[in-house]
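The following exercises concern the architecture of a two-chain model. Each task is followed by a solution in steps.

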Amino acid sequence: MIPATLRVTLIVAVICYFIMILYFLKQKALNLKYTLLWIVAGVVMGILVIVPELLVFIIHIFGIQDNMNGLFIFAIGFIIMILLSLTSIASRQNRKIRTLTQELSILDKKVRELEEKAVTEDEQGKEG
Amino acid sequence: MGQKEKVLIIIPAFNEADNIVRVVDHMMEQAPQYDYLVVNDGSTDDTLSLCRREKFHYLDLSINMGIGGAVQAGYIYARKNGYDIAVQMDGDGQHDIAYLEEVLEPIRQGEADVTIGSRFLQKEGFQSSVSRRAGINILSFLILLTTGKRIKDVTSGYRAVNRRFIEIYSKDYPMDYPEPEAIVAAIMHLGRVKEIPVQMRAREGGTSSITFKKSIYYMIKVTLAILICRMSYGVRRAKRED
């Protein structure tokens, strides 16, 4: 079983975790869309801390000997999943930035051409 | 000559201040009938101010995106401005404009969708170092394995494509080290890829984008990219859109 003191620590940690997420959301430092994953993680953590039997049961199913080890393995697994999703978000944004930069450069060329045209027309107007 | 197709020469340039003026001037002299477009890939040297001073036609990418992003910007420009053929040529003077017609001709005649200027078909001119040739041969063999098509000079950035591939490349062009992957993409789109013998020169100034240190990374990255690109088209090849 997970010791009682550890459970209290974990409950406090989960509460701190939620306060932090809420704080970031309030400051608009986090986009709700990308925070959902973290909130889900917090809820799962909360459930597991309140009902540790569930965790013990799952750990048993996977054949992990030690409860604490199981906790770590799940935590690491979850972090890897979050990192993967972050990489995918970064890749998607990379693609969007690329498209934006390319479109911007084409617009920039068009603006330069129009400006040049305006200047020459202006000069012609003065001459005429 | 009754040939009225619009041809755009795309010249990606990253920190090519040493070469760009000479390359573009030479090109305007040799092939004044074609439009060209320098794509300044967020250079940190004087490439941009030189383009401005010389009143070149250029696109200015505000962030450095690598050769793939620069070339793709050229293809997007070509698509938006209704070009029939796009040619890409390096901005460092390695690619000789004298071979332009040879590279263009199969596309003009409708014999090929993508042509690649290859320095290994006649083994004349600059042949690159032994180790680099070995790397190119490995990638060439990998492309043969995955697509069944033998392309010798898979890293050559001297290419011409027709309207259909301007469209395809403008929507999806590989990044980082795009040349070998772009060949796989072309073949998977049922493009007829043809190699044309050309002579290349050693670089006249600046440094190659692939240093010795990066070559291991290059081989791993490109090998993976080819495999993933091949996989993403599945067992059945992509169909022609039109």
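A residue is buried if 20 or more other C-beta atoms lie within 10 Å of its own. The model is predicted, and every exercise below refers to it.

**Exercise 1. Determine how strand 5 of chain B is covered, and which residues point to each side.**

Step 1. Strand 5 of chain B spans residues 114-118, and five of its five residues are buried, so the strand is mostly covered by the criterion above.

Step 2. In a regular strand, side chains alternate between the two faces of the sheet.

Step 3. Val114(B), Ile116(B) and Ser118(B) point one way, Thr115(B) and Gly117(B) point the other way, and all are buried.

Step 4. A comparable description applies to strand 4 (residues 85-88) of chain B, both faces of which are covered. Ile85(B) and Val87(B) are buried on one side, and Ala86(B) and Gln88(B) on the other.

**Exercise 2. Establish the strand order of the sheet in chain B and identify its edges.**

Step 1. Strands pair through backbone hydrogen bonds, either parallel or antiparallel.

Step 2. Strand 1 (residues 7-13) and strand 2 (residues 35-41) of chain B pair in the parallel sense over six bridges, with Ala13(B) opposite Asn40(B).

Step 3. Strand 1 of chain B also runs parallel to strand 4 of chain B, to which four bridges join it; Ile10(B) has Gln88(B) as its bridge partner.

Step 4. Strand 4 of chain B is joined by four bridges to strand 6 (residues 159-162) of chain B, in the antiparallel sense. Here Gln88(B) stands opposite Arg159(B).

Step 5. Three bridges link strand 6 of chain B to strand 5 of chain B, again antiparallel, and Val161(B) is the partner of Val114(B).

Step 6. Strand 5 of chain B pairs with strand 7 (residues 193-197) of chain B in the parallel sense over five bridges, where Ile116(B) has Glu195(B) as its partner.

Step 7. The result is an open sheet of seven strands in chain B, in the order 3-2-1-4-6-5-7, with mixed pairing. Strand 3 (58-61) and strand 7 of chain B each have a single partner strand, so one side of each lacks a neighbour in the sheet, and these two strands form its edges. On average, neighbouring strands are turned by 20° against each other, direction ignored.

**Exercise 3. Describe how helix 3 and helix 6 of chain B pack on each other and on the sheet.**

Step 1. Helix 3 of chain B (residues 66-80) touches strand 1, strand 2, strand 3 and strand 4 of chain B, and its direction makes about 155° with that of strand 1 of chain B.

Step 2. Helix 6 of chain B (residues 163-171) lies across strand 4, strand 5 and strand 6 of chain B, at about 105° to strand 6 of chain B.

Step 3. The axes of helix 3 and helix 6 of chain B are 8 Å apart and form an angle of about 130°. That angle makes the two helices of chain B oblique to each other, and their crossing is left-handed.

Step 4. Helix 3 of chain B contributes Gln72(B), Tyr75(B), Ile76(B), Ala78(B) and Arg79(B) to the contact, while helix 6 of chain B contributes Ile166(B), Glu167(B), Tyr169(B) and Ser170(B). By class, the contact residues are five nonpolar, two polar and two charged.

**Exercise 4. Decide whether Glu181(B) is buried or exposed, and list its contacts.**

Step 1. Glu181(B) lies in helix 7 (residues 179-188) of chain B.

Step 2. Glu181(B) has 25 C-beta neighbours inside 10 Å and therefore counts as buried.

Step 3. Not counting residues up to four places away in sequence, Glu181(B) touches Pro174(B), Val222(B), Ala225(B), Ile226(B) and Cys229(B).

Notes. Residues numbered from 1 in each chain as written. Chains lettered and ligands numbered in written order. Predicted model: local features only at pLDDT ≥ 70, side-chain atom pairs only at ≥ 80, totals over all residues. Axes fitted to C-alpha atoms, helices over the stretch in contact; angles between N-to-C directions. Parallel < 35°, antiparallel > 145°, perpendicular 65-115°, else oblique. Left-handed = near helix turned anticlockwise from the far one by under 90°. Contact = placed C-beta atoms within 7 Å. Nonpolar A, V, L, I, M, F, W, Y, C, P; charged D, E, K, R; others polar. Buried ≥ 20, exposed ≤ 12 C-beta atoms within 10 Å, placed from the backbone. Pairing = 2+ DSSP bridges.
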